[in-house]
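User: I am a first-year student, and I would like to go through a protein model step by step, with questions and answers. Could we begin as soon as it is on display?

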Amino acid sequence: KPQVIIIGRPNVGKSTLFNRLVGKKLALVDDQPGVTRDRRMGDATLAGLEFTVIDTAGWEDEDPETLPGRMRKQTEVSVEGADAALFVIDARAGVTPLDEEIARWLRTQDVPVVAVANKAEGRAGDAGLFEAFALGFGEPVALSAEHGEGVADLFDALWPLIGAAEAEREAAERAGEEADAEETEQGPLKLAIVGRPNAGKSTLINRMLGEDRLLTGPEAGITRDSIAVDWSWTDLTTGEDRPIRLIDTAGMRKRAQVVDKLERMSVADAKRAVDFAEVVVLLLDATRGLEHQDLKIAAHVIEEGRALMVAINKWDIAENASSLFNGIKAALEDGLSQVKGLPVFAVSARTGKGIDQMLKAAFELREAWSKRVPTAALNRWFDDALEANPPPAPKGKRIKLRYITQAGTRPPRFVVFGTRLDMLPASYERYLVNSIRAALGFEGVPVRVVLKSPK
Ligand code: GDP
């Protein structure tokens, strides 16, 4: 919930305003002397706008020169966590030197301020209202906390600061859930095998399908487009038959008898394939290792938001198998900082080794790619992540991260709401993305995070 803090010197009506916002439940507290010396918190509702309101200790006016440090500290701490501050003055008394001092201090704080000219019932507060303009917090709200006048204006002033963000968050969440509802029908796993020429794509596909189907397909001439082969893969560990729609680009090219000497052809294949695929397998050649071209293809797949896995083919003739495997894995982590934990498999299209494990992982990867994290769990992670590594405060300005919502799936997309997010360093954004991925089960999945501040 957003937090709104009430600030002002004593006797301007802070507690009355607090009670009005919170409702009758806490009204009695008001009668106890000294109760506003410590901060009070309550759940406030203002025309449907919900927030936590904090009544602060206030600024003592016994001696305007030296403000009691303890009180001031309390107020400062509360301001730091607040989304908005209501700075209350007494409209009948006008702006006093202490009000001015508070205003000066508030201007140095990192919180949006609404000036509230209280006790403005009737015309009695007109002069004070006019003076309150001069405080420099924009148009003051004329209010009578006691009589409930001006509450609509207070709402209008607070809404852009706290309500708009809340409404935006809810809308994003709803939109995400609606989009999901359309996507829950999973159907066959749409899988594409991409890679450089001669990596063994056709051999692998033929091995999976168990026949020389690709070479006997429709005539050349439909050429440049990918075609799909539907087939059912039997998961031997569970006995389940699982439908796969294989997006075939390589076999198609073979049919068209295009002798592909140009490396960029494989990038073009990959580009076509990702239009159709959910999961893309980048096939490498164990005898050649990871090459620049492979990273280019991989980066494209990730950019397009598809789930990517890597299979190192020709494992039957690989030399120094384990150091090769680890070397490729390390090079992928270095070259593709966007996705940590990319699944990597060693396979042989010739012997069939590793193919079942690879396909099983492809289904799991689609699961993660399509997953929605419940908002409560998501925000539990969020709070932990911020506590473990708080956002920086560049030039002493506090960047506030409020909450996060999952705006979509396939690939997973998240929206983080807060203030001053334009100042958030890219390194911190990466920290959030990597932490989401590791903590919430999105290994190997491209995760998108968008930052949103209220306008
Ligand atoms: P594509 O261009 O990616 O479709 O590659 P191909 O499927 O045409 O394979 C290229 C060459 O690599 C062919 O000579 C295949 O026989 C060979 N090849 C493919 N997979 C394997 C494998 O797992 N092991 C070995 N030893 N050779 C393979």
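User: Which residue is the bridge partner of Phe417 in β15?

Analyst: In this predicted model, the place to look is the pairing of strand β14, residues 413–419, with strand β15, residues 448–452, which is parallel and extends over 5 bridges. Within this pairing Val416 stands opposite Leu451 in β15. For Phe417, the bridge partner in β15 is Lys452.

User: Through which helix does the chain cross from β14 to β15, and is this crossover right-handed or left-handed?

Analyst: Strands β14 and β15 pair in the parallel sense. Between them the chain passes through helix α13, which covers residues 426–439, and this makes a β-α-β crossover. That helix also lies across β13, β14 and β15, and runs at about 130° to β15. The helix asked for is therefore α13, and the crossover is right-handed.

User: What is the order of the strands in the open sheet of 3 strands?

Analyst: The pairing in this open sheet is mixed, and from one strand to the next the twist averages 25°. Its edge strands are β13, residues 400–408, and β15, each of which pairs on one side only. Read across the sheet, the order is β13-β14-β15.

User: Which strands of that sheet does helix α12 touch, and what angle does its direction make with that of β13?

Analyst: Helix α12 is made up of residues 375–388 and packs on the sheet. The strands that α12 touches are β13 and β14, and its direction makes an angle with that of β13 of about 145°.

User: What is the strand order in the open sheet of 6 strands, and which are its edge strands?

Analyst: This open sheet has mixed pairing, and its order is β2-β3-β1-β4-β5-β6. Each edge strand pairs on one side only, and the two edge strands are β2 and β6, the latter at residues 141–142.

User: In β3 and in β4, which residues are the bridge partners of Ile6?

Analyst: Strand β1, residues 3–7, runs parallel to strand β4, residues 84–90, and 4 bridges join them; β1 is also joined by 4 bridges to strand β3, residues 49–55, again in parallel. On the β4 side, Ile7 has Phe87 as its bridge partner. Ile6 has a partner in β3, which is Asp55, and a partner in β4, which is Leu86.

User: Why is β1 described as largely enclosed by the rest of the structure?

Analyst: A residue counts as buried when its relative accessible area is under 20%. Helix α3, residues 97–107, packs on this sheet and touches β1, β4 and β5. Strand β1 is largely enclosed because, of its 5 residues, the number buried is 4.

User: Is Leu46 buried or exposed?

Analyst: Leu46 lies in strand β2, which spans residues 40–46. Leaving aside neighbours within four places in sequence, Leu46 is in contact with Leu21, Phe51, Val151, Leu154, Phe155 and Leu158. Its C-alpha atom is separated by 8.4 Å from that of Ala152, although these two residues are 106 apart along the chain. Because its relative accessibility is 4%, Leu46 counts as buried.

User: How many of the residues of helix α1 are buried?

Analyst: Helix α1 covers residues 14–22 and is mostly covered. Its buried residues include Leu17, Phe18 and Leu21, and Leu21 is also among the contacts of Leu46. Just after this helix, Gly23 takes a positive phi of about 100°. Of the 9 residues in α1, the number buried is 7.

User: What distance does helix α11 reach from its first C-alpha to its last?

Analyst: Helix α11 runs over residues 355–369 and has 15 residues, and at 1.5 Å a residue the expected value is 21 Å. Among its buried residues are Ile355, at the start, and Trp369, at the end. The distance that α11 reaches is close to the expected one, namely 21 Å.

User: Across the protein, what share of the residues is buried?

Analyst: The secondary structure comes to 13 helices and 15 strands. Among contacts between residues at least 6 apart in sequence, 72% join residues at least 24 apart. The protein exposes about 21100 Å², and carbon and sulfur atoms supply 50% of that area. Of the 455 residues, the share that is buried is 50%.

Key:
Residues numbered from 1 in each chain as written. Predicted model: local features only at pLDDT ≥ 70, side-chain atom pairs only at ≥ 80, totals over all residues. Heavy atoms only, no water. Buried < 20%, exposed > 50% of the residue type's maximum accessible area, 1.4 Å probe, protein only. Contact = heavy atoms within 4.5 Å. Areas by Shrake-Rupley, 256 points an atom, 1.4 Å probe, with all protein chains shown as cover. Pairing = 2+ DSSP bridges. Right-handed = clockwise from strand over helix to strand, strands pointing away. Expected span 1.5 Å × (residues − 1). Axes fitted to C-alpha atoms, helices over the stretch in contact; angles between N-to-C directions.
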